[in-house]
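Student: I should like to go through this structure and ask on what grounds each description rests. May we set each value against its criterion as we proceed?

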Amino acid sequence: MTGFFRVSIKKALIAPFIVVFLCTIGTILWLQKERYNDLAQEVSTQQLDSLTHNVVQSLDRFLERPFTAVKTLAHAIEYHHLYDHQEADKLEGYLRSSFNSLHEQVKQIDLIGFGSELGDFLALRRVETSTASAPFILMAQDARTNHQLTVYSGHDRNSAADDVIAHYDPRQRPWYQPVKRTPEPMWSKVYANADEQQDITISALSPVYTENNGQPSFIGVAVVDVQINTFDRFLQDIRQQHKAQVYIIDAQRKLVAHSARSSIVDSHGQRLTMANSSHTTLAFLDRVMAEQPMVGSRVFSHSVQGDTEYIMISRYQTATDLDWYVVVAISAADLLGNISIGSEQTLLAGLLLGALGLVLGIAVINRVTIPLTETAKAAKQIAAGSWDYPLPKTQTTMEIVQLVDSFSSMRSHLRASFHALREQLVRDNLTKLYSRQGFIETCSALPVNNNGCMMLLGINQFRDINDSLGHDQGDVLLAIVAERLKAWVLLENGVLGRVAGDEFAVYLPDIERQEQLCYQHRIRQVFSAPFVLQGEPIMVTVSIGVASASNSNCVDTCLRNAGIALSHAKSESNRSCIYTPDMAESSRKKTKLLKTLQHAIDHDSFEVHFQPIIDLKSGETLGAEALLRLRDEQQQFVSPLDFIPMAESSGLIQTIGNMMASKALSSVATAIAEGQLAPDFHLHINVSVIELVSGSYVAELAEIIALSGFPAKQLTIEITESRLADNDPVTLSNLNQLKALGVSIAIDDFGTGYSSLAYLHKLPFDSLKVDKAFVERLNRDNAHDSVVAAITKLSSSFGFSLVAEGVETHLQAELVRELGCHHAQGYLFSAPKPLEEWPQLRATA
Ligand code: C2E
Ligand code: CA
Ligand code: CA
């Protein structure tokens, strides 16, 4: 898993809680809304239904009284024969007396009157203005008014006429004709009055008949007016009571009356239709009704400026010819005000409960996860090497108690094993001193000090002690040395460790440079008393390598420097050495060279070059000296003067010498066999004295000679004079054996090494090689007094043959020949080269 997907256990556990909480709240909200909608729908339908029912009942009552009144009037006129074309007073009197009581009791009645077939009209009309002298006034058109409609200012003709309207004919009025055709009382359509006020009105109408020869004869129409204003006021009362708007609409979808305080006619006196009224409710209904015809009652809801309005529309039809719609509209707030508050409380309760659950859940999760995360942190700390991170103490969950307990005991075990392991790593088992690791760690922990001094002590010839007394005694010796050193180092506040088998390191954190020698002396004193092993006293000496600590040196480097100094010390006469930086460089070079040597041995990559040996008289090539060649990693030649000593000191010289001899002998033997070189071609090889002191040397060379097929009597080994040990019996024996094999022996670099020439008698030599240093110094003037001249005389007395080395000029060649040296090598003739590159090689057939 990548880090991106890693979530802490706490988050992983809490996340579902929060999701569930949010889902629950969402669901509650949604359900609430649904429930609210359902409830609202249900309640609104019920409410509207009863509201409409109330409105319709009120409407019934409202309309019933005028209707009763008109029927009563018609009946009175018929029954009491109140109408007389010639004499209107009787009817007028009746009308006045009935309106006297009606205008008080039936407020919706605005006018009662009678229009006759003969064109008479008599009516009493309610007066609204409080300033008027009478509550109603008389309107009359008959013989007395000269058949002109006269509007009086009072309720009888004694009052002044306010207005006279000419050409009024009741029979032409919209309320008259329909009644004439039907013998039943009825309601008129909505119309405007023809009098001076032109009020919008509906009228309850009843035909009036008289008995004429036993036949009913139509004489006119009784009329009771209800002004729309009055109707509106009635509806406004309903509105006040129920907070609902009420609209009455006729079959032509024109407004009859409403509870709003605006007119039902437009500015041209035309009645408003639903579509062009300014009421949004009606405009909405109009659209609905255009799509589907209204049957029975229906409930709608629509949104008005963000508020929901509920509407019920129901048909209102009467036997009295009314065909209307009653529209009741009410806002949701007025209809359902309380319901919404109830649902909010439920929601709040749900939220609180949910939040409580969430908090509880998180608390429980915390209780469970904190021990887990703390344990995880402790594990992380262990990985970082710190053991002491506190583990959680109180847990409530069984599994977590187990987990934490197991973790705790695992940590204790781990700590114990770790400490044991550390102890092994930092302590030396034998002496109980610090091991190399422990020593470095302890010294590193000390404050850095420029005056720190590192001393490395190596027990001299410890291997010999081990070999002669046995390893057990070697260990006993080491333990005693450790005890003695400990006592001393403790006094000096130093650190002591055994850093290798026979090496002890002492670090003194703060001593003056000048004192270093003095401390070396004290260490030697520690070893001055003999050590008693198996009852025998033995003397032990040490070599000491010293390195100074400086700010830039880490303990590791300081110890390594002391090691380099120690290896130098071992070859010093006083067995001590203070480290200097160039030691490190030379030791680095040595290490590298050793690696190169080892690599060449492993890969058999030594090369052999051959330098011709010339007969100075004839100029012919008599033979050659084989010289070893080694290339480093960069394929550059490394001088034999560097790698031969290294091969000698590292014990590799025997292997290398044998490899070289095999190569040289076999390639020359092959060239002779192939006729490229003369059959008597002579070969010189260089042999190290280290090889020569080995008892197996002659046998090995003999085998190489045999394997290569090169004739032993044509082989010369060269031994460097300066390294000769003339009193070594093995060397002497080896040389004699070589002689016996037929091999010749030459002394190389003759004249540079030995102070006494006595060895020339002791050892069986055949020839001398005059060192190139002497040849180099030769010139015409000094030739006869030169070292070369002395050597030629000497060699002739011993019977040695001579080879002059390093001949670079013709003059040198000439001079050595004149002095009696007949053979020579040197760059004048040829530098050492691979045999294949020799021009002297004869072409094979
Ligand atoms: P060396 O035996 O005295 O070999 C002669 C050295 O002089 C060679 O150096 C050769 O290249 C160089 N030399 C030859 N002619 C001239 C010249 O005209 N002028 C000058 N200035 N130098 C000339 P190289 O090959 O570097 O060998 C150095 C030494 O290494 C040899 O001295 C020999 O002591 C040792 N060495 C070389 N090969 C072997 C070997 O196979 N075994 C052993 N044990 N030592 C070897
Ligand atoms: Ca040589
Ligand atoms: Ca030489």
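Tutor: Let us do so, noting that this is a predicted model. We may begin at Gly 820, which follows directly after H22 and takes a positive phi of about 110°.

Student: What makes residues of helix H22 count as buried, and which are they?

Tutor: The criterion is a relative accessible area under 20%. In H22, residues 810-819, it is met by Gln 812, Ala 813, Leu 815, Val 816 and Leu 819. These buried residues pack against helix H20 (772-776), helix H21 (787-798) and strand S29 (801-804).

Student: Why is the packing of H9 on H10 called oblique?

Tutor: Helix H9 (residues 462-469) and helix H10 (residues 471-491) pack at an angle of about 135°, their axes being 6 Å apart. Roughly antiparallel requires an angle over 145 degrees, and roughly perpendicular covers 65 to 115. The angle of about 135° fits neither class, and therefore H9 is oblique to H10.

Student: Which residues form that contact, and what is its character by class?

Tutor: From H9 come Phe 462, Ile 465, Asn 466 and Leu 469, which meet His 471, Gln 473, Gly 474, Leu 477 and Leu 478 of H10. By class, the contact has five nonpolar, four polar and no charged residues.

Student: How do you know that strand S17 is covered on both faces?

Tutor: Six of the six residues of S17 (residues 503-508) are buried. Glu 503, Ala 505 and Tyr 507 lie on one side, with Phe 504, Val 506 and Leu 508 on the other.

Student: What makes S15 and S16 pairing partners of S17?

Tutor: At least two bridges are required for two strands to pair. Strand S15 (residues 453-459) has six bridges with S17, in the antiparallel sense, and Leu 457 has Phe 504 as its bridge partner. Strand S16 (residues 495-500) has five bridges with S17, also antiparallel, with Ala 500 opposite Glu 503. A hairpin of two residues joins S16 to S17.

Student: What makes S11 and S12 edge strands?

Tutor: The open sheet of five strands has the order S11-S10-S14-S13-S12, with antiparallel pairing. Strand S11 (255-258) and strand S12 (297-304) each pair on one side only, as edge strands. S12 pairs with strand S13 (residues 307-317) over eight bridges, and Ser 303 stands opposite Thr 308 in S13.

Student: Which helices lie against these strands?

Tutor: Helix H5 (residues 280-291) packs on the sheet and touches S10, S11, S12, S13 and S14, its direction making about 125° with that of S12. Helix H1 (residues 9-80) lies across S10, S12, S13 and S14, at about 40° to S13.

Student: How do you know which residues are protein donors of the calcium ion (ligand 2)?

Tutor: For calcium, a donor atom must lie within 3.2 Å. Glu 625 (OE), Asn 686 (OD1), Glu 718 (OE) and Asp 748 (OD) lie 2.0 to 2.3 Å from the ion and are its protein donors. Asp 748 also bridges this ion and the calcium ion (ligand 3), the two ions being 4.1 Å apart.

Student: Why is the pair Asn 686 and Asp 748 said to tie parts together?

Tutor: Asn 686 lies in strand S25 (residues 682-686) and Asp 748 in strand S27 (residues 744-750), so the pair links parts 62 residues apart in sequence.

Student: Are Asn 686 and Asp 748 buried or exposed, or in between?

Tutor: Asp 748, at 5% relative accessibility, counts as buried, the limit being under 20%. Asn 686 has a relative accessible area of 29% and is therefore partly exposed.

Key. Residues numbered from 1 in each chain as written. Chains lettered and ligands numbered in written order. Predicted model: local features only at pLDDT ≥ 70, side-chain atom pairs only at ≥ 80, totals over all residues. Heavy atoms only, no water. Helix = DSSP H or I, 4+ residues; strand = E, 2+ residues; numbered from the N terminus. Contact = heavy atoms within 4.5 Å. Axes fitted to C-alpha atoms, helices over the stretch in contact; angles between N-to-C directions. Buried < 20%, exposed > 50% of the residue type's maximum accessible area, 1.4 Å probe, protein only. Donors = N, O, S within 2.8 Å, 3.2 Å for Na, K, Ca; no water. Parallel < 35°, antiparallel > 145°, perpendicular 65-115°, else oblique. Nonpolar A, V, L, I, M, F, W, Y, C, P; charged D, E, K, R; others polar.
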